[in-house]
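This briefing concerns a single protein chain and is intended for a reader who has its sequence and coordinates at hand. Please consult the display below alongside the points that follow.

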Amino acid sequence: MQRQTDTAPRNDSSSSYGLVSRLNHWIVAAAMIGMLVSGLVMAYGPFERETVLAIMGWHKAIGVLVLVYGIWRVGWRVAQGFAADAAVMPRWQAVASRLTHWGLLAAVPVMPLSGLVMTIYRGREVDVFGLIIPAQNKIEWLANAAGMTHQFAAWGLLGLLVLHVVGALKHHFIDRDMTLRRMALRSA
Ligand code: HEM
Ligand code: HEM
């Protein structure tokens with residue numbers, strides 16, 4: 001007799017996401033949103049220098065962990081491919097959704113890598129909870145290019161994220177299809 005379970009199977013099928021993909025999605029989504037918010041708070045928040053520096057320490061350390069986990073998360077998606085769309089929709093929506101997913105996937109390594117390169121080539125080390133990534137000899141053009149990438153990619157990520165969340169909510173509350181439910185951690 002087959003055991004009843006209310007969790008998804010571990011691996012993806014051609015029409016839905018498995019447990020590994022769902023966990024990967026929500027762990028990295030929460031981390032990326034947290035990183036985005038902490039970055040924006042550092043850059044535009046009302047805090048004094050001391051508080052900004054404390055946030056920056058956490059931003060860098062957690063960001064490097066996001067890079068390590070993110071490589072596995074993106075690799076898993078590239079290896080598995082995307083599940084077929086959960087709903088029938090106009091072609092432009094299907095294309096927009098796929099492009100958005102690729103853009104979000106790209107942001108997962110690009111954001112932390114650019115942050116890391118900017119920092120170490122400005123001649124500063126990164127302390128990842130005791131593990132030190134050493135400072136490099138300053139290379140101004142590289143640090144500046146990485147800094148620009150970090151800043152512009154952050155705004156790109158924010159834009160894609162808004163599109164992504166609005167799309168997910170539309171599927172769930174207006175179209176009432178399986179799109180959001182098949183990414184949920186329990187059932188479907
Ligand atoms: C994991 C994903 C990451 C995201 C989503 C992210 C996001 C951001 C955002 C939104 C800002 C403010 C940008 C602005 O000025 O408009 C920022 C700033 C900054 N981030 Fe990140 N970050 C990430 C990872 C990292 C990592 C791994 C490091 C370094 C190890 C880093 C170092 C910095 C630094 C030093 C700044 C201040 C900018 C400056 O001094 O010019 N970030 N980040
Ligand atoms: C509250 C925020 C979020 C919600 C409600 C949400 C919702 C969803 C849903 C419902 C799907 C399934 C789409 C489908 O079946 O075709 C999905 C897929 C996806 N989401 Fe999100 N998401 C959020 C945040 C994020 C963030 C921050 C990222 C950035 C890394 C992200 C990246 C992706 C990617 C790349 C996919 C394609 C499948 C995969 O590789 O996991 N999502 N999201």
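The notes below treat the overall fold, the first helix, the nonpolar cores and selected residues.

The structure is a predicted model, in which local features need pLDDT of at least 70 and side-chain atom pairs count only at pLDDT 80 or more, while totals for chains, interfaces and linings use all residues. Residues are numbered from 1 along each chain as its sequence is written, chains are lettered from A and ligands numbered from 1 in the order in which they are written, and side-chain values use heavy atoms, with hydrogens and water left out. The protein chain contains 4 helices and 2 strands, arranged along the sequence as α-α-α-β-β-α. Here helices (H or I, at least four residues) and strands (E, at least two) are DSSP runs, numbered from the N terminus.

**Overall dimensions and surface**

- Taken along the principal axes, a box of roughly 60 × 40 × 30 Å is filled by the C-alpha atoms of the protein chain.
- The protein chain has 188 residues, of which 31% count as buried; buried means under 20% relative accessible area, exposed over 50%, and partly exposed in between (1.4 Å probe, protein chains only).
- Contact means heavy atoms within 4.5 Å. Among contacts in the protein chain between residues at least 6 apart in sequence, 67% join residues at least 24 apart.
- Carbon and sulfur atoms account for 67% of the accessible surface of the protein chain, which comes to about 11,900 Å²; accessible areas come from the Shrake-Rupley method with a 1.4 Å probe, and for residues only the protein chains shown count as cover.
- The protein chain carries 17 positive and 10 negative charges, whose mean positions are 8 Å apart. Lys and Arg count as positive and Asp and Glu as negative, whereas His and the chain ends are not counted; the place of a charge is taken as NZ of Lys, CZ of Arg, CG of Asp or CD of Glu.

**Helix H1**

- Helix H1 comprises 26 residues (19-44) and reaches 37 Å from its first C-alpha to its last, close to the expected 38 Å at 1.5 Å a residue; the expected span of a helix is 1.5 Å times one less than its number of residues.
- The buried residues of H1 include Val28, Met32, Met35, Leu36 and Met42, together with polar residues such as Asn24 and His25.
- The cover over the buried residues of H1 includes helix H2 (49-80), helix H3 (91-120) and helix H4 (140-175).
- Val37 also lies in helix H1, but is partly exposed, with a relative accessible area of 47%. The C-alpha atoms of Val37 and Leu113 are 18 Å apart, with their positions 76 residues apart along the chain.
- Tyr44, likewise in helix H1, counts as exposed at 52% relative accessibility. Not counting residues up to four places away in sequence, Tyr44 touches Gln151 and Trp155.
- The C-alpha atoms of Tyr44 and Ala83 are separated by 38 Å, the two residues being 39 apart along the chain.

**Nonpolar cores**

- A nonpolar core is a set of buried Ala, Val, Leu, Ile, Met, Phe, Trp, Tyr and Cys residues joined through side-chain atoms within 4.5 Å.
- The largest nonpolar core has 14 residues, and those with the most contacts inside it are Met32, Leu36, Ala107, Met111 and Leu157.
- The elements giving two or more residues to this core are H1, H2, H3 and H4, and H3 gives the most, with 5 residues.
- Met111 is in contact with Met32, His150, Ala153, Ala154 and Leu157, leaving aside its neighbours within four places in sequence.
- Apart from the largest core lies another, of 7 residues, among them Val64, Leu67, Ile120 and Val128.

**Residues with positive phi**

- Phe129 is not a glycine, yet has a positive phi of about 50°. Phe129 is placed in the loop between strand S1 (126-128) and strand S2 (131-133) and is exposed, with a relative accessible area of 51%.
- Arg176, also not a glycine, has a positive phi of about 50°. Arg176 lies in the segment after H4 and is exposed, with a relative accessible area of 65%.

**The segment before H1**

- Asn11 is found in the segment before H1 and is partly exposed, with a relative accessible area of 39%.
- Asn11 is in contact with Gly18 and Trp76, leaving aside its neighbours within four places in sequence.
- From C-alpha to C-alpha, Asn11 and Ser97 are 22 Å apart in space and 86 residues apart in sequence.
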